Amino acid sequence: MEIVVVGRHTEVAPRFREHVEDKLSKVTQLAPYAQRVDVEITHEPNPRQAASSERIELTVRDKGPVVRAEASASDRYAALDAAATKLLERLRRSHDRKKGKAARRDSRAIPAADDGLEALEALDAAVEEEAEDRIVAPTETDVAVESQLGDSPVVVRQKVHRTSPVTVEDAIEEMEAAGHPFYLFIDTETRQPAVVYHRHGWTYGVIRLDAQAEANS
């Protein structure tokens, strides 16, 4: 696994690079097929943001979805510790989910049966069990629904909210007013579903889907 360390507005000492490699050595235990980990170190020169002047962003590039984690602190070693802790926890959760799925697939294996009716019943049971593992979207507005993913410890809570298209600026205001770390909305200008989220300081991010929502009739 390759570990690529990049500094933004800062120099990265060889000693710290070695510390990064040692800190991320456990990644392969939880993501054995990971090809690379990108480590981005950013220094914020603004004295007003001294408490979060060192930011570490970690990105694991695997065969599956990309896993990211970031943290900020006044000291880059502390920022790395915090970011690595988040990353390993997310990798551990992903690893446990994959193990749970594999176990369920094994348990659904259709046994050989001489009797055709017995084989058909076994197939029906496997299909029903597969359906139980699917997370079904709620149909009622403003009613929270929780579903457990099969026999795994994963619980998904869903809720449908009414919404009207808003601007990015309005979405940020709504997010800040609610005290949430992110806000899901439909952009008035592009009609795209999007999420605005707080990054650090006065910096925000927006993620958009490459799709357009239908106008309300």
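Which residue has its charged end sitting over the ring of F16? Select F16 and look above its ring: the charged end of R76 sits there, 5.6 Å from the ring's centre. Keep in mind that this is a predicted model.

**Stop 1: the whole chain**

Zoom out and switch to a cartoon view. You should find five helices and nine strands. Trace the chain from its start and the pattern reads β-α-α-β-β-β-α-α-β-β-α-β-β-β. The protein has 217 residues, and 28% of them count as buried. Turn on the surface if you like: the accessible area comes to about 14900 Å², and carbon and sulfur atoms account for 49% of that. One more number for the overview: among contacts between residues at least 6 apart in sequence, 35% join residues at least 24 apart.

**Stop 2: the aromatic rings**

The protein has two aromatic pairs. Go back to F16 and add Y77 to your selection; these two rings meet edge-to-face, 4.9 Å centre to centre, with 90 degrees between the planes. F16 belongs to helix α1 (residues 14-23) and Y77 to helix α3 (residues 76-107), so this pair ties together parts that are 61 residues apart in sequence. Is F16 buried or exposed? F16 is buried, at a relative accessible area of 2%, while Y77 is partly exposed at 31%.

Next, select Y183 and F185. Their rings are stacked, with 6.5 Å from centre to centre and 25 degrees between the planes. Colour the two by accessibility: Y183 counts as partly exposed at 23%, whereas F185 is buried at 3%.

**Stop 3: R55 and its surroundings**

Now pick R55, which you'll find in strand β3 (residues 54-61). Arginine carries a charge, but check its cover here: R55 has a relative accessible area of 9%, so it counts as buried, under the 20% cut-off. Show side chains and you'll see R55 making a polar contact with the side chain of E57, at 3.0 Å. What else does R55 touch, leaving aside residues up to four places away in sequence? Its contacts include E40, T42, E70, R199 and H200.

**Stop 4: salt bridges**

There are 10 salt bridges to hunt for. Start with R8 and E40, whose closest N and O atoms are 3.6 Å apart. R8 is in strand β1 (residues 2-8) and E40 in strand β2 (residues 36-43), so the bridge ties together parts that are 32 residues apart in sequence. R8 is partly exposed at 40%, and E40 is partly exposed too, at 25%.

Then select D38 and R61. Their side chains meet in a salt bridge, 2.8 Å from N to O. Strand β2 holds D38 and strand β3 holds R61, so here the pair ties together parts that are 23 residues apart in sequence. D38 is buried at 17%, but R61 is partly exposed at 30%. Add R36 to the selection as well: R36, D38 and R61 are linked in a network of salt bridges.

**Last stop: along helix α3**

Finish with E89 and R92. Both sit in helix α3, three residues apart, which is about one turn of the helix. Their side chains form a salt bridge of 3.3 Å, N to O. Are they out in the open? Partly: R92 is at 37% relative accessibility and E89 at 35%, so each counts as partly exposed.

Methods. Residues numbered from 1 in each chain as written. Predicted model: local features only at pLDDT ≥ 70, side-chain atom pairs only at ≥ 80, totals over all residues. Heavy atoms only, no water. Helix = DSSP H or I, 4+ residues; strand = E, 2+ residues; numbered from the N terminus. Buried < 20%, exposed > 50% of the residue type's maximum accessible area, 1.4 Å probe, protein only. Contact = heavy atoms within 4.5 Å. Areas by Shrake-Rupley, 256 points an atom, 1.4 Å probe, with all protein chains shown as cover. Phe/Tyr/Trp six-rings, centres within 6.5 Å; stacked < 30°, edge-to-face > 60°. Lys NZ or Arg CZ within 6 Å of the ring centre and 35° of its normal. Polar contact = N/O pair within 3.5 Å; in protein donor to acceptor, adjacent residues only side chain to side chain. Salt bridge = Lys/Arg side-chain N within 4 Å of Asp/Glu carboxyl O.
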